[in-house]
Every structure is written in structure tokens, then in C-alpha cells.
Amino acid sequence: MEEKGGLVPVDDLYLFNTGKAQKAYLAFGCHHLPEKGCHRFCVWAPGAASVSVVGDFNGWDETSHPMQRGEGGVYTAFVQGAKNGDNYKYLVEGCDGVKRYKADPFAFYSELRPGNASKVWSLAGYSWRDGTYLKKRRRRDPLRQPMAVYEVHLGSWRRGEGGGFPNYREVADQLAPYLKSMGFTHLELMPITEYPLDESWGYQVTGYFSPTSRYGTPQDLMYLVDRMHQEGIGVILDWVPAHFPKDAHGLARFDGTCLYEHQNPLQGEQPQWGTLLYNYGRPEVQSFLISSANFFLEEYHIDGLRIDAVSSMLYLDFGKQPGQFVPNRDGGNVNYEAVAFLQALNRTLLALHPDAMTIAEESTAFPRVTGSPEEGGLGFTFKWNMGFMHDTLDYVEMDPLFRRDHHGEMTFSMTYAFSENYLLPYSHDEVVHGKRSMIDKCFGDYWQKFATLRALYAFQYAHPGKKLLFMGDEFAQFIEWDYGKELDWFLHEYDSHSGMARFVSRLGRVYQKYRALYEIDDSWEGFQWLSVNDNQRSCLAFLRRSKPWRGKVQQVLCAFNFTPVVRSEYRLGMPCQGVLREILSSDDRRYGGSDVRNREEIHTMFIPCGDFAASAEITLPPLGAAYFEFIPDEENKDI
């Protein structure tokens with residue numbers, strides 16, 4: 001956006017006021033104007049009687065820099081003598097006569113908590129080195145690429161010196177090679193947009209353009225993303241447009257009125273969380289949020305956004321009792337304004353950054369979350385498959401003796417697997433608040449727990465859909481996640497935990513090597529059941545297929561046994577004659593297993609099994625999984 005004499009251009013204000021702004025952060029907030037030798041401060045506060053900017057540069061004198069009111073209630077001031085790192089706030093006098101000290105909604109950087117001022121800050125000065133990565137990203141279709149996500153809370157992956165917060169750069173230098181060695185393709189950061197309370201884990205945001213100062217400067221975050229990209233690791237950011245906290249310095253009653261939130265408490269508050277809800281029908285709010293999302297894709301080269309709590313946005317009665325919400329114009333509970341906002345958000349972001357992703361955490365069966373907005377969908381690239389997560393975790397928690405009666409919990413997901421573009425998560429929410437860690441959820445003694453968890457991860461990686469594990473799950477941390485301390489890295493000294501880490505690393509490498517495991521996640525073309533109804537033995541088997549390449553389709557057979565009994569000579573129907581070669585066993589002794597393996601090559605036979613004319617006999621390890629590359633005999637491939 002071009003500056004015109006230092007004032008905010010009329011065209012930019014028009015876009016902001018009509019909900020069409022994509023880079024409102026270039027007009028609002030604090031910007032250095034070198035030709036004028038000053039900084040321009042700009043804030044939207046239409047309900048204010050007056051606004052002044054106060055900070056380190058004027059001794060926090062409210063009379064020093066009154067702001068001039070302009071069109072649409074936009075206030076502007078020019079300040080000489082401000083420098084990078086100075087703290088500041090807006091002193092907003094509402095029409096109710098109350099003066100409120102407010103942080104800048106468009107600030108690029110913030111004071112370290114418990115302070116909550118905004119900081120004068122320039123985003124210039126970082127030299128990016130990820131050009132090669134970005135060129136490759138532009139040529140990739142995320143639906144056809146491997147995607148194994150490692151979800152991280154930066155403050156507790158590893159702690160910094162003296163047990164304090166680590167720096168973005170410090171974490172990057174340790175995390176980038178670790179992720180590559182563990183077979184992950186993407187890093188997902190739990191929210192790092194500025195937030196006041198550590199206990200919120202970042203999900204109650206006060207700074208939508210400000211990376212939290214807990215871990216360093218904006219340039220330090222740029223380094224983290226850049227470092228990941230140089231290792232070929234994509235970066236996904238948790239972004240929270242669903243609600244915001246009531247903290248006095250934040251967005252709540254920003255100018256003495258309900259500016260960002262709905263005026264009606266039944267529409268503007270989320271009693272379940274004690275937070276406020278955005279007024280998505282207000283054009284300026286749309287401009288604010290869409291600009292925030294675009295800001296991180298544009299300025300920080302983020303590869304994608306995971307949108308938190310989408311269900312709470314879509315349903316007017318989410319987390320509310322009868323009588324606590326206002327129905328829509330048709331008397332229903334769908335928030336039409338939120339639907340329109342999400343469609344506009346995805347349409348805008350994916351038009352500006354067609355190689356980026358948006359991912360919905362949506363826990364209901366709301367239709368067409370990943371469908372095109374032009375066809376009535378919300379426009380997300382992926383949706384978290386919460387049903388898969390809950391069903392599979394319920395299954396592994398029960399005694400194997402009773403799993404035969406709950407076999408459907410492992411097969412039901414395939415009845416809807418292609419209704420959306422899914423990501424299969426085992427997220428932070430599943431290892432807190434008394435839910436127990438992933439390893440502790442699994443039924444049985446110590447050995448059985450580890451065997452079951454390896455089999456579960458193998459099932460997740462084989463099942464259609466992209467993958468996500470929360471930090472610590474890859475080496476089976478036994479205690480629940482604690483945001484206040486780092487992971488129990490010492491567990492790597494124990495064979496069971498180091499074996500689990502080796503297995504996850506190998507699993508990730510196999511997943512990335514075989515196109516059949518990731519290339520067709522959205523149709524039956526890439527999946528075929530071989531054994532779906534064997535509930536008596538709690539066994540499952542299916543083929544994954546790739547798209548043809550040089551006339552050949554890659555195929556991987558994935559088989560699972562969720563009982564502690566070895567299944568020898570387990571016969572599976574096969575679509576044609578060929579050879580099976582085992583490429584992964586969760587029961588390998590290197591991973592802590594009992595080393596029940598298959599011979600080097602298994603040939604199919606003309607023995608009917610189920611609906612198939614050919615079949616093969618394999619050995620399934622106890623509480624184990626096995627992957628096989630299947631190579632059809634060319635002359636018999638049509639049997």
C-alpha cells in the first residue's frame with residue numbers, strides 16, 4: 001500500500017470498511033515513515049470520544065500526542081523520537097466517559113508478560129533463504145503429498161536456559177534436524193500469536209499480528225520458519241478467530257462499545273470458555289481477521305493455518321444451554337455470518353497463496369468443510385477427523401478380549417473417509433486433563449501397551465488421510481503433557497521408549513517412500529479392503545494404491561492384529577497373483593517387539609478367499625502391524 005503524505009489512503013479505508021482488506025496491517029498499527037522522520041500510529045475506534053497514543057517516547061503523557069479522528073472513526077497520530085522496542089498503548093476515551101489503556105490490535109510485537117503494552121517494531125532486516133523451498137511448494141498439490149505433522153507447544157518441547165522460555169532460534173536449530181530424522185514433513189505450532197495467560201496455551205489471543213515475545217522477536221520467528229524450510233519441513237500455525245479474552249488491554253469493548261464482539265451477550269459471549277465472540281457480520285472485523293491470517297502467510301512464509309474451534313464458530317448454540325443463544329433468521333442454530341466469513345477467508349487466502357493450506361478443527365458432521373465455497377462448501381484444504389481419533393482411542397483402551405464386539409470402531413471411519421479431505425490427529429487435547437498419555441491409554445501390561453501403540457500408529461499412517469502426532473507421543477511419554485515443563489527426554493535412555501522413537505522414525509520414512517500410502521487419500525481408487533469383518537480375531541487388512549506412474553500402480557498391503565495372539569498362516573484374499581515383501585513390522589526387536597516376522601517373499605496362490613480368486617498366507621505378530629509391498633505378476637494381474 002502506498003503512503004500518501006503519511007495519511008492512510010482513502011482506498012485502503014474503503015477496503016477495510018467493506019470487509020475486503022487483505023493487508024490492513026499496512027495501514028493500521030505503528031509504521032515508520034523515514035521520509036517524515038517519524039512513526040505513524042493508526043487505530044480504528046469509531047465509538048471513542050478521543051484517543052491519544054502514549055508510550056516510552058513521550059513519558060506516557062496522555063496530552064502529548066492526541067490522535068486526529070478521520071473517516072470511519074480511524075484515528076491517526078505522528079510521533080517523532082519513537083524507536084524500535086519502545087512500549088506504547090492507546091488511551092481510548094469511550095463515549096461513556098471511561099478511559100481505557102489498550103494494546104494496539106495491529107501491533108507487530110508486544111511486551112513480555114506480565115506486561116501487556118505493544119512495542120514499536122519494524123519487520124525489516126531479515127534475509128530469507130528459503131527461495132528454493134518456496135519454488136518447490138508452488139508446484140506441489142498438498143492433497144497428493146505425504147503429510148506427517150508434529151504438533152508442538154514451543155514453551156514445553158524443550159525449556160530454555162535456567163528453565164525459562166526457549167528462543168525461536170534455539171528451538172529451530174534443535175527441532176529442524178529432529179523432525180527430519182523422525183520422518184515428519186510438517187511442524188504445527190500451537191498458537192504463538194500474543195496471549196496474556198500461559199495456562200491458555202495460546203488459545204486466548206490478544207495480539208493477532210504479534211508473535212509472542214515469550215520466545216523472542218518477530219525476526220527470531222522468521223528464522224525458525226526459514227530454518228524449517230531449509231530442511232524441507234513445512235510450518236503450520238494454529239490460528240484462533242473463534243473467540244478472544246476479556247482482558248482489559250485487549251479487544252473487549254475496545255472503544256467503549258462492542259466493536260469486535262457482538263453487542264448482544266447471547267451472541268457475543270462464550271460462557272463455556274468465559275470469552276467473547278467476534279461479530280463476523282461486521283465488515284471491519286472480517287478485514288481485521290482475514291488480514292491477520294494473510295499476514296502470517298505473507299510476512300512469515302507460513303505454509304498453512306490450522307483454524308481452531310471451527311465448530312464453535314459454525315453453531316450459535318455451541319457450548320450453550322437452551323435460551324442462551326439467538327437462532328438464525330430461519331430459526332436454526334447455524335451461524336450464517338460465520339459461514340460467510342470462513343468462505344471469504346479461505347477464498348481470499350487460497351487465491352493469494354494457492355500453495356498454502358487451511359485446516360479446520362471441526363468436530364461435527366457439518367457438511368462440505370473442505371468443499372469449494374462456490375459450491376456451498378467452506379473451502380478448507382483439510383479437516384481434522386475427530387471421529388477417527390475418538391473411535392481408535394476408545395478401541396485400544398479396552399481389553400483385547402472385548403475388542404471383537406467393538407470391531408466397527410476401527411472400520412467405521414472408512415464409511416465416510418472420502419466425504420472430506422481428512423487429517424488424522426492424535427493431538428494435545430488427548431493427553432491432558434486426566435485423559436492420560438497415549439501410551440497409558442493402551443490396555444495391558446508394559447509390553448502390551450507399547451506393542452499396541454506401535455500398531456495404532458501403523459494403522460494411522462496406513463489409513464487414508466494425512467497424519468498428526470503431538471510432541472512426546474513419538475517416544476511414548478508416560479505422563480500427561482504439562483505446558484510448564486519440557487518433555488521427559490530422559491526416557492530415551494530406556495529401551496521401550498527409544499524403540500518407540502525408532503519405530504515412529506521408520507514409519508515416517510516408509511510413509512514418505514511409498515506413494516501408495518499418501519497419493520490417493522480421497523477416493524476408493526487408493527484403498528481396498530482385504531479383511532474387514534474378522535472381528536473374532538480382531539484383525540484387519542487392506543491395500544493402499546498409488547496413481548499410475550510409468551504404467552505401474554504401486555501397492556502396499558497393510559495388516560493388523562489387535563490381540564496378543566500370534567496369527568500364523570493368516571490367509572488374505574488378493575486381487576491378483578504376485579509377490580509380497582515385508583517392508584515394516586511393528587514387532588521388530590529393534591522397536592521393542594517379539595520379532596515375529598514374515599519370510600522374505602510370500603507368493604500368492606490360486607486359492608480362493610472371500611471374494612478373491614487368489615490369496616496369500618502371512619503371519620501377523622501379537623498386537624502388531626505389518627506392511628508389505630505387493631508386486632503383481634504381470635501375466636496374472638487381471639485375475
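Helix α13 (residues 446-462) lies across three strands of this predicted model, namely β9 (148-152), β19 (422-426) and β20 (466-470). The direction of α13 makes an angle of about 145° with that of β20.

**The barrel**

The strands β9, β19 and β20 belong to a closed barrel of eight strands, whose order is β9-β10-β13-β16-β17-β18-β19-β20. Pairing within this barrel is parallel. From one strand to the next, the twist averages 25°. One of the pairings can be described at residue level: strand β16 (residues 304-307) and strand β17 (residues 357-360) run parallel and are joined by four bridges. Leu305 has Thr358 of β17 opposite it.

**The packing of α7 and α9**

Helix α7 covers residues 283-299, and helix α9 covers residues 336-352. Their axes come within 10 Å and cross at roughly 35°. The crossing is right-handed. On the α7 side, the contact is formed by Gln286, Leu289, Ile290, Ala293, Asn294 and Leu297. On the α9 side, the residues are Phe341, Ala344, Leu345, Thr348, Leu349 and Leu352. Classified by residue type, the contact of α7 with α9 comprises nine nonpolar and three polar residues, with no charged residues.

**Leu276 in strand β15**

Strand β15 consists of residues 275-276 and includes Leu276. Leu276 has a relative accessibility of 7% and therefore counts as buried, the limit being under 20%. Beyond its neighbours within four places in sequence, Leu276 is in contact with Ala242, His243, Phe244, Lys246, Ala252, Glu261, Gly268 and Glu269. For one of these, Phe244, the separation in sequence is 32 residues, while the C-alpha to C-alpha distance is 5.3 Å.

**Strand β21 and the preceding loop**

Which part of the structure does Tyr514 occupy? Tyr514 is in the loop between α14 (495-513) and β21. With 7% relative accessibility, Tyr514 counts as buried. Not counting residues up to four places away in sequence, Tyr514 touches Gln554, Val556, Ile583 and Glu629. Tyr514 and Glu629 are separated by 115 residues in sequence, and their C-alpha atoms are 8.8 Å apart in space.

Strand β21 itself spans residues 527-531. Four of its five residues are buried, so β21 is largely enclosed by the rest of the structure. Strand β22 (residues 539-545) pairs with β21 in the antiparallel sense, over four bridges. In this pairing, Phe527 stands opposite Arg544 of β22.

**Cysteines**

How many disulfides does the structure hold? The count is zero. For Cys30, the nearest cysteine sulfur belongs to Cys38 and is 9.8 Å away. A disulfide requires two cysteine sulfur atoms within 2.5 Å, so at 9.8 Å Cys30 and Cys38 do not form one. Cys95 is likewise in no disulfide, and the nearest cysteine sulfur, that of Cys258, is 13 Å away. As to their surroundings, Cys30 counts as buried because its relative accessibility is 7%, whereas Cys95, at 65%, counts as exposed.

**Backbone geometry in loops**

The peptide bond that joins Arg113 and Pro114 is cis, with an omega of about 15°. Pro114 lies in the loop between β7 (99-102) and β8 (118-119).

Positive phi values occur at Arg550 and at Asp595, neither of which is a glycine. The table sets out their values and places.

| Residue | Phi | Loop | Relative accessible area |
|---|---|---|---|
| Arg550 | about 55° | between β22 and β23 (555-561) | 72%, exposed |
| Asp595 | near 70° | between β25 (578-585) and β26 (602-603) | 23%, partly exposed |

Arg550 is classed as exposed because its relative accessible area of 72% is over 50%. Asp595, with 23%, falls between the limits of 20% and 50% and is therefore classed as partly exposed.

Technical notes:
Residues are numbered from 1 along each chain as its sequence is written. This is a predicted model: local features need pLDDT of at least 70, side-chain atom pairs count only at pLDDT 80 or more; totals for chains, interfaces and linings use all residues. Side-chain values use heavy atoms; hydrogens and water are left out. Axes are lines fitted to C-alpha atoms, for helices over the stretch in contact, and angles run from 0 to 180 degrees between N-to-C directions. Helices (H or I, at least four residues) and strands (E, at least two) are DSSP runs, numbered from the N terminus. A crossing is left-handed if the near helix is turned anticlockwise from the far one by less than a right angle, and right-handed if clockwise. Contact means heavy atoms within 4.5 Å. Ala, Val, Leu, Ile, Met, Phe, Trp, Tyr, Cys and Pro count as nonpolar, Asp, Glu, Lys and Arg as charged, and the others, Gly among them, as polar. Two strands pair if DSSP finds at least two bridges between them. Buried means under 20% relative accessible area, exposed over 50%, partly exposed in between (1.4 Å probe, protein chains only).
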